[in-house]
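Colleague: Could you take me through the largest pocket of this protein? I'd love to hear what lines the pocket and where in the chain the lining comes from.

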Amino acid sequence: MTCHPGEPDDTGPGRTESCPVRAFVTQLTPEGRGAIAVVRIWGPDAIDVASALFRPQGRLRLDQTAPGRLRLGRIGDALGDEVVAVVLEAAIPTVEVQCHGGAAAVELVVSALEKAGAQRCDRWRVTEQTAGDRLSAEALNDLAHAPTILTAEILLDQARGALREELVRLTTAIDQKPEQALANVEELIGRAAVGVRLLTGWRVVIAGRPNVGKSRLLNALAGFPRAIVDPAPGTTRDVVTIRTSFGGWPVEIVDTAGLRTTNDAIENLGIAMSQREQERADLVLLVLDRSEPLQPIDRRLLATTAGALPIANKSDLAPAWSPADVPIDPSDIVTVSADRGDGVTGLIAKIVERLVPDPPPVGQALPFRPAHHDDLRQIRVSLLANNRAAAFHRLNSMIHGPARVGP
Ligand code: GDP
């Protein structure tokens, strides 16, 4: 039989015969190297199992220690690992062990607990158990992968119920005010554009003909030298990518270098590559060299890279053209010196403005997975077709359906 450690059936008094497993163990902290890892043991026999293995530094055994009191000791064969153990005050008997963070140290502790009778369990199960509902479980799961503090804060809001509460309100609205419900769904769909990027980030592509300063700009945006920059065109051979964050939003910057063959081919290659990258990009930074007269390829790139953010680079040199010379609104052009860093802060602000025009306020409900986005679009279709039952059904499964580990 399958045991579900989070369910009271497994742990409640008198139900022990329904599930032979009396203690479960899992690593709570993500795999990988770290200073400290946290291992959780829970179930009816969790305290006995942990106490039998835990060799305290002081006199008292773990099962004689008051909940919440940290105890130093050792777990594992021979010398074992030095750990801190604590019995938690929880509905289900629970012990948390903090051990050294390397994979081997964690394995030593977990396998010792396994040998003592605890069943190894997936961390996701603990997340589901801690969260209590589907959307909180998914938010807590994603929180472990949040790349920035801002994205972690937004996911924490969802783990605390921001999205769930909004969806519950929507259930009532579908019933009582369908038009209002449709407007709310539209708004949530709009917000999902940010939500689904919390983990993956946005893709910003730097495009432009050779030698305009793309690699230099990448370095300036990244804040450290990454791409090789050389006065001779053609030095940076491959597409260079870095991950960073602007204003707390995760961003991947791609330098479309390597657009060099013969002069004729450059023009076609440049445009083809820019167009290809643009399809995958959330934003294209089209770099122009302000110290040289604009070339036909610059004008063609400007004409073909719709929605790009044009950048007039090399502002530290004498200008060979002015923003009024290009066939776009001059106020759209950002002037920088990638070499000296002038204007780069303003450029970053402009990039953030373009990527996240409506940053979510603290505590706002945000659909944060592509599956939520799909559900909401489907609900929208149902509401437009006046099929309230279908909309309600889908919404209900968004709130109460089974949680999914991965996005
Ligand atoms: P890419 O081919 O577009 O990637 O251009 P690079 O970044 O390799 O730069 C080409 C040349 O322009 C190098 O010699 C850089 O030092 C120079 N360069 C780039 N940005 C600036 C700038 O803002 N000011 C000046 N004066 N030179 C720059």
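Modeller: Happy to! A pocket here is an open set of grid points where a 1.4 Å probe fits, with protein on both sides within 12 Å along at least five of seven lines. Please keep in mind that this is a predicted model.

With that in hand, the volume of the largest pocket comes to about 580 Å³. Its lining is made up of 28 residues. If you want to find the centre on your screen, look for Gln27, Leu28, Arg123, Trp124 and Thr127, which lie nearest to it.

Now for the elements behind that lining. At least two lining residues come from each of strand S1 (24-27), helix H3 (103-115), helix H4 (123-131) and helix H5 (134-143). Among the contributors, H4 gives the most, with 5 residues.

What is the chemical character of the lining, nonpolar, polar or charged? The residues divide into 14 nonpolar, 7 polar and 7 charged.

And why does the pocket lie between two domains? Domain 1 (8-121) and domain 2 (134-197 + 366-400) both give residues to the lining, so the largest pocket lies between them.

To put the picture together: as you turn the model, start from Trp124 and its companions by the pocket centre, then follow H4, the element that gives the most to the lining, and finally look at how domain 1 and domain 2 both contribute residues to the lining.

Notes: Residues are numbered from 1 along each chain as its sequence is written. This is a predicted model: local features need pLDDT of at least 70, side-chain atom pairs count only at pLDDT 80 or more; totals for chains, interfaces and linings use all residues. Side-chain values use heavy atoms; hydrogens and water are left out. On a 1 Å grid over the protein atoms alone, a cavity is a set of points where a 1.4 Å probe fits but cannot get out, and a pocket is an open set with protein on both sides within 12 Å along at least five of seven lines; lining residues have an atom within 4 Å of a point. Grid points are joined across faces, edges and corners, and a volume is the space filled by probe spheres set on the points. Helices (H or I, at least four residues) and strands (E, at least two) are DSSP runs, numbered from the N terminus. Ala, Val, Leu, Ile, Met, Phe, Trp, Tyr, Cys and Pro count as nonpolar, Asp, Glu, Lys and Arg as charged, and the others, Gly among them, as polar. Domain bounds come from an automatic or database domain assignment.
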